[in-house]
Structures are given as structure tokens and as C-alpha cells.
Amino acid sequence: KPEASVFLVAYEGEGDFPGMQQSGSYLRVGCADMLVPYDIPVVSTRLKSVLTALTQFAPPQGLHNPLKEKGITFLGLQEDERGRDIIFLEGHPTFGGICDTPRFKAQIEETLKLYLMKQKFEIRLNSDAKAYRCLGDLSGRCK
């Protein structure tokens, strides 16, 4: 069965996994947490298959998968008239504090960058770009 690289999250001070000692090479997200590259089983290595598998993947001890934990479903992707990729997610995630939303967004965005040739993309949550962009905004002024 094929595998594909994705990012999972390691919370600061929680758990230990191979490679944790070289933590300086991992991208820091949230509140000093780390994005950790990880290979998961997939049906194919195309982005649609990878994101579908990621929303259902139960990570090993010491790692977290915010996409699955928040109950997000990957609906699909398409290209807009300007050639930008649009990723459609569905769900009603709830977040616990200021560290939670950045972990969630970084996991999705950095995983997408592994597969999208163009680094310009838009993520829509429940068909709305603003709903995704404004996740975690406490000011009420997000546009």
C-alpha cells in the first residue's frame, strides 16, 4: 500500500518520537509546538487521496492530527479562473485557546505545500474563504 508525507503536530513537552532530538529542524507552530513530517498509508499519492486519508488518520502516541480531531472533511479541490487551487473543507471545528487554531491551520497549509506545484491556494471552510481565514480571530474584525 502506498504512503504519503503529511504533517502531524507534536505538542511542546508531550511525548517522544524518533527524531525528536533534532527538533530544531521542525517548523514551530502554535505555542512552541512542532509540525512533524510523517508518512501515512494512502490509496494514492494524489492530493485528494492524501487529504482524505489525513482527515481519518489516527496518529501514534505523542503526535496529534488536528484535521481528524476537529472533525474536518475534505470535499475536493478545483482550480479557479486565475489558476489558483481552491481546497474545500467542511466541518465545524471548535478550538481551545490561542495555540489550537495556528496548529490546525499550519498542519493543513504546510501539507498542501508538499503537493501543490503553485504555492498560491485558497482554503474554503464550508464553501467560505472568510470562514477559514478568520478561524481563531477574537477581534471580530476579520474580513
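**Exercise 1. A charged pair in helix H3**

State whether Arg 103 and Asp 100 are buried or exposed, and describe how their side chains pair.

Solution. Arg 103 is buried, and Asp 100 is buried as well. Buried means under 20% relative accessible area, exposed over 50%, and partly exposed in between, with a 1.4 Å probe and protein chains only. For Asp 100 the relative accessibility is 9%. This is a predicted model, in which local features need pLDDT of at least 70, side-chain atom pairs count only at pLDDT 80 or more, and totals for chains, interfaces and linings use all residues. Residues are numbered from 1 along each chain as its sequence is written, and side-chain values use heavy atoms, with hydrogens and water left out.

Next, the pairing. Arg 103 and Asp 100 form a salt bridge, with 3.4 Å between the closest N and O atoms. A salt bridge here is a side-chain nitrogen of Lys or Arg within 4 Å of a carboxyl oxygen of Asp or Glu. The two residues lie three apart in helix H3, so about one helical turn separates them. Helices (H or I, at least four residues) and strands (E, at least two) are DSSP runs, numbered from the N terminus.

**Exercise 2. Further salt bridges**

Find which part of the chain holds Lys 70, the residue that meets Asp 100 in a salt bridge, and then place Glu 110 and Lys 113.

Solution. The side chains of Lys 70 and Asp 100 form a salt bridge at 2.6 Å, N to O. This pair links distant parts of the chain: Lys 70 sits in the loop between helix H2 (66-69) and strand S4 (73-79), Asp 100 in helix H3 (residues 100-115), 30 residues apart. Lys 70 is buried, at 17% relative accessible area.

Glu 110 and Lys 113 form a salt bridge at 3.1 Å, N to O. These residues are three apart in helix H3, hence about one helical turn from each other. Lys 113 is partly exposed, at 37%. Shared partners join the salt bridges of Asp 33, Lys 70, Asp 100 and Arg 103 into one network. The total is seven salt bridges.

**Exercise 3. Disulfides**

How many disulfides does the structure have, and how are the cysteines paired?

Solution. A search of the whole structure gives two disulfides, a disulfide being a pair of cysteine sulfur atoms within 2.5 Å. One joins Cys 31 and Cys 99, with the sulfur atoms 1.8 Å apart. Cys 31 lies in the loop between S2 and strand S3 (33-41), Cys 99 in the loop between S5 and H3, 68 residues away. At -90 degrees about the S-S bond, this link is left-handed. Cys 31 is partly exposed (32%), whereas Cys 99 is buried (19%).

The other joins Cys 134 and Cys 142, with 1.9 Å between the sulfur atoms. Its torsion about the S-S bond is about -80 degrees, so this disulfide is left-handed. Cys 134 is buried, at 16%. In sequence order, the bonded cysteines pair 1-2, 3-4.

**Exercise 4. Confidence**

Identify where pLDDT stays under 50.

Solution. pLDDT is the predictor's confidence in each residue, from 0 to 100. The chain averages 88, and 92% of the residues score at least 70. Among the elements, strand S2 (residues 27-29) has the lowest mean, 82, and strand S5 (residues 85-90) the highest, 96. Residues 19-23 stay under 50; the model gives them seven contacts (heavy atoms within 4.5 Å) beyond four places in sequence. Where pLDDT is low, the predicted coordinates should not be read in detail.
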